[in-house]
Amino acid sequence: MRAIRAVSILAVLLLLAANAFALAPQGDAYRDYLPWAGLGLGGLVLILLLVLRIPTGAHPTAQAALPTRTKAPANQAEAEIVSFLALMQDKGRLVDFLMDDINAYDDAQVGAASRVVHAGCKAALLEHFQIRPLREEGEGTRVRIEPGYAADDYRLLGTISGAPPFVGTLVHHGWKVESVKLPHVLASAGRLPTIAPAEVELT
Amino acid sequence: MAASFSLGIDLGTSNSAIALADLDTGESRIVEVTQVLGPNQYGERPTLPSALYIPHPDEFPPNAFPLPWNQEGEPAIVGQFARDRGALVPDRLVTSAKSWLSNPHIDPRQPILPWRSDIAEAKLSPFECSRRYLQHLKDAFLYLEHAQGRALDLADGQIVLTVPASFDEVARSLTAEAAKAAGLGDVTLLEEPQAAFYAWTAQAGRTWRDEIADGDIVLVCDVGGGTADFSLIAVTDVDGNLELERISVGEHILLGGDNMDLALAYSLHARLAEEGKTLEDWQLLALIHAASAAKITLFQDPTLAEAPIAVPSRGSSLLARTISTSLDRALLEQVVLDGFFAITDIDDIPRETRRSGLQEFGLPYASDPVISKHLAGFLGRSLQNVRASETLSALVGARTETRALMPTAVLFNGGVFKAASIRARVLELLAYWNGGQPVRELQGFEPDLAVAKGAAVYGRHRATGRGIRIRAGTSRSYYIGLETSMPAIPGFRPPVKALCVVPQGMQEGTELLIEGREFGLVTGRPAEFRFFSSAVRSGDAPGQIIPDAERELQETSLLEIELPPVDDLQAGQAVPVEIDAVVTPLGTLELWMKHTNSDRRWKVEFQVRTE
């Protein structure tokens with residue numbers, strides 16, 4: 001549950017970063033792919049949000065069967081998400097980047113700042129998520145989707161008919177998280193953690 | 001009771017790690033270390049940064065740093081967050097505590113760290129810092145194994161703790177004592193370059209014996225974040241079996257990859273200043289990190305001509321004030337390869353800078369940054385050491401070198417050597433010193449956490465009695481200073497003679513009584529002896545007298561002993577004693593004063609000589 005939340009947050013952040021990247025001058029070479037990346041990430045968020053709803057809706061009795069379970073503080077999940085945001089801010093200045101007014105700066109400045117975000121957030125991403133493409137084939141090649149595939153691993157486009165196997169062109173290779181290793185966050189009673197503390201230099 | 005697992009602990013100057021070896025298969029794996037990652041946050045990392053942060057009482061919310069095995073948390077923070085936080089508040093940060101253990105001018109039990117800091121909170125001693133790192137490693141190990149369903153009892157384990165080869169007996173026994181105080185019990189000590197060698201034999205599997213042969217001399221060249229450590233291992237064939245003997249160890253050199261990152265950052269800083277871009281102190285810190293990352297990128301991908309660097313501003317506007325520059329290959333090679341690994345001559349060794357009267361007593365950072373010169377100095381001293389003993393001379397065979405003992409193969413260790421071009425440069429340097437004859441690199445170099453893994457492998461060899469062992473023994477010879485009795489002459493200080501009490505290479509688990517040298521100790525009155533050592537006098541035999549200790553030897557510490565009242569002797573009467581040297585099976589040196597007329601003996605304590 002915690003992992004799904006974290007992945008969905010991550011996807012939203014990457015979506016925003018991808019849009020920002022489209023503005024950067026270095027983004028030219030990738031500009032063709034960015035709308036697709038945006039689309040893919042948006043889709044991922046949608047799927048995740050749906051997945052997020054299923055357990056709570058589908059197994060209400062399972063929850064009720066465990067009345068003695070120690071209840072986590074109400075804001076534990078939120079505290080964890082904020083901590084993750086704090087991590088991306090700490091390592092890659094992500095919140096600074098997104099909260100800034102991007103229209104006031106030229107592409108060179110946006111490019112320089114995006115290097116800070118890219119280097120830091122990528123390092124944090126690789127440290128906490130074991131992430132891999134869903135399909136190893138190159139984008140643009142013909143791929144085959146075998147019967148019994150996980151429906152949420154694929155989004156089929158174009159004319160969908162008949163029974164699997166399906167054959168088509170790989171537009172986006174997808175991303176999959178193998179494992180998530182986030183720091184343990186200890187909930188502070190009733191208070192959400194700080195994303196970035198105010199810094200004051202004492203003299 | 002037989003050990004059921006082997007635990008290797010690498011207590012590093014900058015990073016520490018633990019590895020666990022399976023006694024049956026010999027496989028070793030790194031055990032991640034649970035540590036504080038931020039206020040109210042903890043998690044696992046492959047290593048524990050050897051950093052300690054002493055927070056101000058109002059700096060963080062109360063109880064902000066609980067650990068799974070300690071809900072209250074320690075007042076001082078150890079690990080990743082300590083390092084991150086301390087980079088911004090350096091006067092509350094302790095680093096390199098380990099190097100202070102071998103500092104001859106400072107008593108490592110005095111609370112002196114953070115060094116030269118005026119904080120109001122209680123300071124800690126280098127010994128106490130090492131103890132806390134070890135305790136953290138122990139607690140984290142037991143916690144994680146337990147959390148994963150393996151309840152291990154340390155008493156069932158063979159525990160091996162690594163120390164720099166350059167550590168003398170005082171620093172070694174302090175380390176062993178810190179481990180004991182941390183609850184690790186009696187640990188076995190192992191020199192780090194030897195651990196790297198064991199790790200190499202383990203990961204190369206059965207093929208490692210094909211890579212080395214009779215007559216080889218292997219240089220273990222270990223350059224980590226903050227220190228450089230060298231050792232030579234001789235390979236001989238005895239009745240068809242390869243035998244290994246560590247024949248020489250280097251000095252404690254405080255020089256490593258961090259120095260390279262700093263040098264790069266300062267070069268880039270100077271370049272930015274020329275362009276009229278100024279950096280705040282904080283940005284310089286970010287520049288060091290960025291330069292380090294750019295260095296790795298360029299070394300990893302030889303096709304890149306440059307790596308971009310962006311230094312963020314400190315304020316919240318990232319877009320307005322990010323400074324960008326780049327690290328190009330020419331600058332990288334000029335700073336790292338030519339600056340630290342210059343092609344220098346074999347007799348070009350670092351200048352001695354010791355003994356200037358007004359020298360500050362800080363950590364003895366290497367004053368000469370050229371690692372090539374330190375390596376040349378080491379190989380020169382190694383030849384001197386080998387020549388001093390017939391056994392060692394015979395071991396390395398007939399050699400024509402006159403200035404240095406040249407290795408035939410080299411095993412690299414340490415993060416610095418992940419860069420293929422740095423390895424290539426060292427090989428080029430060795431070939432140059434070797435008259436053009438190449439020195440081969442032992443393949444299968446795996447620098448990540450090799451020392452911890454090697455320590456676990458060695459522990460397995462000890463526990464099972466299987467597998468290769470490097471013959472080592474004490475890396476130095478040790479001497480006790482004797483007062484010279486001669487009439488006082490104004491303006492002339494008589495030379496101090498020294499008696500050899502421990503020969504170089506004295507094996508673990510052996511004992512040596514220095515016969516024919518009686519000392520008279522008076523009960524109830526403390527007696528002090530000066531204690532000397534040498535890493536280049538392999539030929540000295542126990543009982544031998546060195547005429548001028550101050551010129552020939554290095555002063556290590558002060559020995560102190562106070563005899564308790566002895567039943568059958570009146571107080572104030574001299575007790576005749578002889579010196580009894582013991583190297584314990586765990587690898588620590590003990591000196592005892594043995595009563596000549598009975599079996600009674602008293603242990604001598606090492607005191608740090610403070611000037």
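Here is a short chat about reading a helix pair and a chain interface in this predicted model.

Colleague: I'm new to this one. How are two packed helices described?

Modeller: Happy to help! Two packed helices are described by the angle between their axes and by the distance between the axes. Here, α5 (residues 192-204) and α14 (residues 450-464), both of chain B, pack at an angle of about 80°, and their axes are 7 Å apart.

Colleague: Are α5(B) and α14(B) roughly parallel or roughly perpendicular to each other?

Modeller: Angles of 65 to 115 degrees count as roughly perpendicular, so α5(B) and α14(B) are roughly perpendicular to each other.

Colleague: Which residues meet there?

Modeller: From α5(B), look for E192(B), A195(B), Y198(B), A199(B) and A202(B). Among their partners in α14(B) are A450(B), G454(B), Y458(B) and H461(B). By class, this contact has nine nonpolar, two polar and one charged residues.

Colleague: Now the interface. How much area do chain B and chain A bury between them?

Modeller: About 2,100 Å², with 55% of it on carbon and sulfur atoms. Y42(B), L318(B) and L319(B) supply 34% of the area that chain B buries against chain A, more than any other three residues.

Colleague: How many salt bridges are there between chain B and chain A?

Modeller: The count is two. In a salt bridge between K181(A) and E32(B), the side chains meet at 3.1 Å, N to O.

Colleague: Which element gives the most to the side of chain B that touches chain A?

Modeller: That is β5(B), with five residues. The residues on that side of chain B divide into ten nonpolar, nine polar and five charged.

How values were computed: Residues numbered from 1 in each chain as written. Chains lettered and ligands numbered in written order. Predicted model: local features only at pLDDT ≥ 70, side-chain atom pairs only at ≥ 80, totals over all residues. Heavy atoms only, no water. Axes fitted to C-alpha atoms, helices over the stretch in contact; angles between N-to-C directions. Helix = DSSP H or I, 4+ residues; strand = E, 2+ residues; numbered from the N terminus. Parallel < 35°, antiparallel > 145°, perpendicular 65-115°, else oblique. Contact = heavy atoms within 4.5 Å. Nonpolar A, V, L, I, M, F, W, Y, C, P; charged D, E, K, R; others polar. Buried area = accessible area lost by both parts, 1.4 Å probe. Salt bridge = Lys/Arg side-chain N within 4 Å of Asp/Glu carboxyl O.
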